[in-house]
Amino acid sequence: MDPLIQCKDLRYTYNSTEVLHGINFSVHKGEIVGLLGKNGAGKSTTINILMGFLQPDSGSCSVFGYPSHKLAPKERMRIGLLHEGFVQYNFMSIEEIERFYSAFYPHWNRKVYYDLIDLMGVPYSRRVTRLSCGQHSQVTLGLILAQQAELLILDDYSLGLDVGYRRLFLDYLRDFVAKNNTTVLLTSHIVAELENMLDTIIVLQRGNIIANEPRPTFIEKFTRYDLPISDESLKIKNIQPLLHLEKTLNAISFYTNESEYEIQSFLNSVSPVLWGQVKKVPMTIEDVFVGLTGKY
């Protein structure tokens, strides 16, 4: 089956600086794909290209088989886009804003919207501008899901939300996707909450894709090892086969996607005593993300 989103050798330059360096990825129907990275990694630039707000310098980016910068209105109606400033008409009431948005989407489902709104226990006449940040996010989520879009593109869904509302957002999204076989591409820099959410994980760093794996592979492929600080362990340098090395007051941690045999051989080449001191640490999505991108 052809992918819903396909990016090939995608490059983009901003103010004479190339911010995307020929990235490649695809998203298939029914997938939930996380485009993860630190601030400034290129996530929002990629989303803006996908939505046709920016045109790539070279390479190609297609959505539903059409160039993303030439999407016709009928194709755009198949996409639900969440971005900063999504709700711009804060002077409207909860009820008024639902009526306003519903006019633009032929498959609008107002029940989806009001099911979320009813959880807040506030009158429909309340102005959006008088809602808390979390309540505002429920209105936004309701407006997104009520569109019944085939493809959801969620750019930093967690912006400004506390942990409770982020969980609510993800719980509703997970159930909605399972029921409707919706495809989702989301960006975030809060990684831990996506542990059981994503099918595929793409990690962007400084405009390059440094990982593109199914979630189980992403976790299993990378390993962290800890060693106590000593004269011998301090000889370890951040070279192959290590992906990243960090030092704290008491320990050295390093991350790798090489086999245990390769790491044992590497450590023995530094000092024969090190392998007996090393501790293998279980990994989470957040651990792997930090191991690939660093803490700073």
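What follows is a short back-and-forth on why certain labels apply in this predicted model.

Me: Let's start with the overall picture: what makes up the chain in terms of helices and strands?
Reply: The chain has 9 helices and 14 strands. Its C-alpha atoms fill a box of roughly 70 × 45 × 35 Å along the principal axes. Of the 296 residues, 48% are buried. The accessible surface is about 14500 Å², and carbon and sulfur atoms account for 49% of that. As for contacts between residues at least 6 apart in sequence, 67% join residues at least 24 apart.

Me: Cys7 and Cys61 caught my eye. Why is the pair not called a disulfide?
Reply: The sulfur of Cys7 has its closest cysteine sulfur in Cys61, at 3.3 Å. A disulfide needs the two sulfurs within 2.5 Å, so this pair is too far apart for a bond. Going from the other end, Cys61 has Cys7 as its closest, again at 3.3 Å. The search of the whole structure comes back with 0 disulfides.

Me: And how do you know whether Cys7 is buried or exposed?
Reply: Buried means under 20% relative accessible area. Cys7 is at 0%, so it counts as buried.

Me: What about Cys61, buried or exposed?
Reply: Cys61 has a relative accessible area of 5%. That is also under the 20% cut-off, so Cys61 is buried.

Me: On to the sheet with strand 11 in it. What is the strand order?
Reply: The order is 12-13-11-14, in an open sheet of 4 strands with antiparallel pairing. The twist averages 25° from one strand to the next.

Me: What makes strand 12 and strand 14 edge strands?
Reply: Each of them pairs on one side only: strand 12 covers 244-247 and strand 14 covers 279-281.

Me: How do you know that strand 11 and strand 14 really pair?
Reply: Pairing takes at least two bridges. Strands 11 and 14 are joined by 3 bridges and run antiparallel, so they qualify. Within that pairing, Tyr225 stands opposite Lys280 of strand 14.

Me: How many bridges join strand 13 to strand 12, and how many join strand 13 to strand 11?
Reply: Strand 13 (residues 251-256) has 4 bridges to strand 12. Strand 11 (residues 223-228) is joined to strand 13 by 6 bridges. Both pairings are antiparallel. To pick out residues, Lys247 has Ile252 as its bridge partner in strand 13, and Pro228 stands opposite Ala251 of strand 13.

Me: Now the aromatics. Why is the pair of Phe100 and Tyr101 called edge-to-face?
Reply: Rings pair if their centres lie within 6.5 Å, and planes over 60 degrees apart count as edge-to-face. Phe100 and Tyr101 are 5.7 Å centre to centre with 75° between the planes, so both conditions are met. Phe104 joins these two residues in one aromatic cluster.

Me: Why does Tyr105 with Trp108 count as stacked?
Reply: Stacked takes planes under 30 degrees apart. The rings of Tyr105 and Trp108 have planes at 25° and centres 5.9 Å apart, so the pair is stacked. In total the chain has 8 aromatic pairs.

Me: Why is Phe100 called partly exposed?
Reply: Partly exposed is the range between under 20% and over 50%. Phe100, at 29% relative accessibility, falls in it and so counts as partly exposed. Tyr101, at 9%, counts as buried.

Me: And what makes Tyr105 and Trp108 buried?
Reply: Tyr105 has a relative accessible area of 18% and Trp108 has 16%. The cut-off is under 20%, so both are buried.

Notes. Residues are numbered from 1 along each chain as its sequence is written. This is a predicted model: local features need pLDDT of at least 70, side-chain atom pairs count only at pLDDT 80 or more; totals for chains, interfaces and linings use all residues. Side-chain values use heavy atoms; hydrogens and water are left out. Buried means under 20% relative accessible area, exposed over 50%, partly exposed in between (1.4 Å probe, protein chains only). Helices (H or I, at least four residues) and strands (E, at least two) are DSSP runs, numbered from the N terminus. Axes are lines fitted to C-alpha atoms, for helices over the stretch in contact, and angles run from 0 to 180 degrees between N-to-C directions. Contact means heavy atoms within 4.5 Å. Accessible areas come from the Shrake-Rupley method with a 1.4 Å probe; for residues, only the protein chains shown count as cover. Rings of Phe, Tyr and Trp (its six-membered ring) pair if their centres lie within 6.5 Å; planes under 30 degrees apart count as stacked, over 60 as edge-to-face and the rest as tilted.
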